[in-house]
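The following report describes a single protein chain from its predicted coordinates. Its sequence and model are shown first.

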Amino acid sequence: MMKTVIRFPALALVMALTLAAAGDALAQGTGHMLEIERELERTEQMIRRTADLARDAGNARAVELIQRAMELQMRARNRFRNNEMEMARANTMTARTLVQRATAMLLNPEERADRVEHELRRTDEMLSRARDHVGPAAPETVLSLLEFAQRQQEQSWELLRGGSLKPALRMTHQVREVLRKLAALAGAANPERLQAEYQRTAELVETALVAARETANDRAMQMAEQAEEMMRRGHILMEEGKPHAARRHMEQARKLAKHALSLTGQGGGQGTFEAATERYERMYERLAARLQESRNDAALDVLAESREHYRLARELATAGGESLQRANAELRLAFRLLERVRNLLG
């Protein structure tokens with residue numbers, strides 16, 4: 001009897017120590033997972049920021065690096081889900097290195113003469129297309145802007161040949177700004193394009209008026225009627241041969257009509273967006289459950305890509321304003337990728 005009494009506390013002590021050790025190991029494992037997940041999220045933030053910069057800069061090499069980083073990051077996410085923590089860390093760190101290379105390329109293009117020359121040649125192509133599009137019969141304002149852009153671009157080449165890389169790059173970017181203004185002026189002065197723009201505006205305003213009547217929303221009706229009045233004034237200005245003023249009125253009419261539609265819940269506003277995200281979540285959960293039953297690496301990669309576009313859509317929607325339009329575009333892409341997953345699963 002004494003032996004049993006003596007051994008029991010010893011056994012209890014061993015069990016307590018074993019459970020404590022197991023608890024420490026579990027806590028360490030959980031902490032390790034959280035640390036790697038933070039690394040994954042940090043890489044994804046870097047990718048999103050740099051991807052926007054690369055697209056805006058039109059830097060093909062940087063875009064290529066970002067694309068490779070995104071592929072690696074999707075692989076890292078899949079490794080993380082499969083509990084392959086060290087492989088997930090390795091993949092996300094490699095993706096981050098690619099993003100950093102792209103960022104350096106975008107922030108310091110003046111250090112590379114070949115890159116600056118590439119940018120100038122790209123502006124030359126834009127100038128050539130502008131000349132072909134404008135033609136000799138264009139309004140004097142448009143022709144003067146085109147001539148000014150040409151002179152600035154010639155100065156950009158002179159700066160490059162003189163070794164002044166950063167001023168050359170800055171000036172050729174200024175030329176592109178002039179070309180963007182020129183395109184807007186030429187588009188506004190084009191009768192066929194202006195008539196097509198008027199027709200699109202008329203359809204949008206009519207949609208806003210119908211939606212406001214159906215929902216009996218007084219505020220939406222007020223906005224839609226203001227849009228109708230702006231469009232009417234725009235049409236008068238078109239007939240008077242004032243295309244630029246007409247275009248400004250139509251732009252204002254479209255803004256008012258979109259605002260009216262958002263108040264009725266039919267214009268892709270925040271309420272509509274939230275309803276779409278709920279549909280996305282339900283569809284995503286169903287497909288994720290099917291993937292657990294039937295492993296399909298190709299479908300898993302597409303599902304991860306869809307989730308990234310969905311996450312970006314939510315971030316854009318939170319920013320509000322004009323970002324909501326981009327948010328809806330990202331959400332539509334996320335849905336298309338879910339459809340692809342469904343097709344891959346059969």
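Arg75 lies in helix α2, helices being DSSP runs of H or I with at least four residues, strands E runs of at least two, and both numbered from the N terminus. Arg75 counts as partly exposed because its relative accessibility is 44%; buried means under 20% relative accessible area, exposed over 50%, and partly exposed in between, with a 1.4 Å probe and protein chains only. From Arg75 to Ala95 the C-alpha distance is 9.8 Å, at a separation of 20 residues in sequence.

This is a predicted model, in which local features need pLDDT of at least 70, side-chain atom pairs count only at pLDDT 80 or more, and totals for chains, interfaces and linings use all residues. Residues are numbered from 1 along each chain as its sequence is written, and side-chain values use heavy atoms, with hydrogens and water left out.

A second arginine, Arg176, is placed in helix α6 (residues 165–189). Arg176 counts as buried because its relative accessibility is 6%. A polar atom of the Arg176 side chain lies 2.8 Å from the backbone oxygen of Glu119. The two arginines compare as follows.

| Residue | Helix | Relative accessibility | Class |
|---|---|---|---|
| Arg75 | α2 | 44% | partly exposed |
| Arg176 | α6 | 6% | buried |

The chain as a whole has 12 helices and zero strands. Buried residues account for 38% of its 346 residues. Of the contacts (heavy atoms within 4.5 Å) between residues at least 6 apart in sequence, 72% join residues at least 24 apart.

The largest nonpolar core has 26 residues, and Val205, Ala208, Met231, Met238, Ala257 and Ala260 touch the most other members. Helices α7 (191–215), α8 (218–239) and α9 (243–264) each give two or more residues to this core. Such a core is a set of buried Ala, Val, Leu, Ile, Met, Phe, Trp, Tyr and Cys residues joined through side-chain atoms within 4.5 Å. Leaving aside residues up to four places away in sequence, Ala257 touches Leu204, Val205, Ala208 and Ala227. A second, separate core of 18 residues includes Tyr284, Leu287, Ala313 and Leu337.

The second largest pocket is lined by 20 residues, with Ile47, Ala51, Arg55, Met70 and His309 nearest its centre. A pocket is an open set of points on a 1 Å grid over the protein atoms alone where a 1.4 Å probe fits, with protein on both sides within 12 Å along at least five of seven lines, and lining residues have an atom within 4 Å of a point. Helices α1 (2–57), α2 (60–81), α11 (297–319) and α12 (323–345) each supply at least two lining residues.

Definitions and conventions
Polar contact = N/O pair within 3.5 Å; in protein donor to acceptor, adjacent residues only side chain to side chain.
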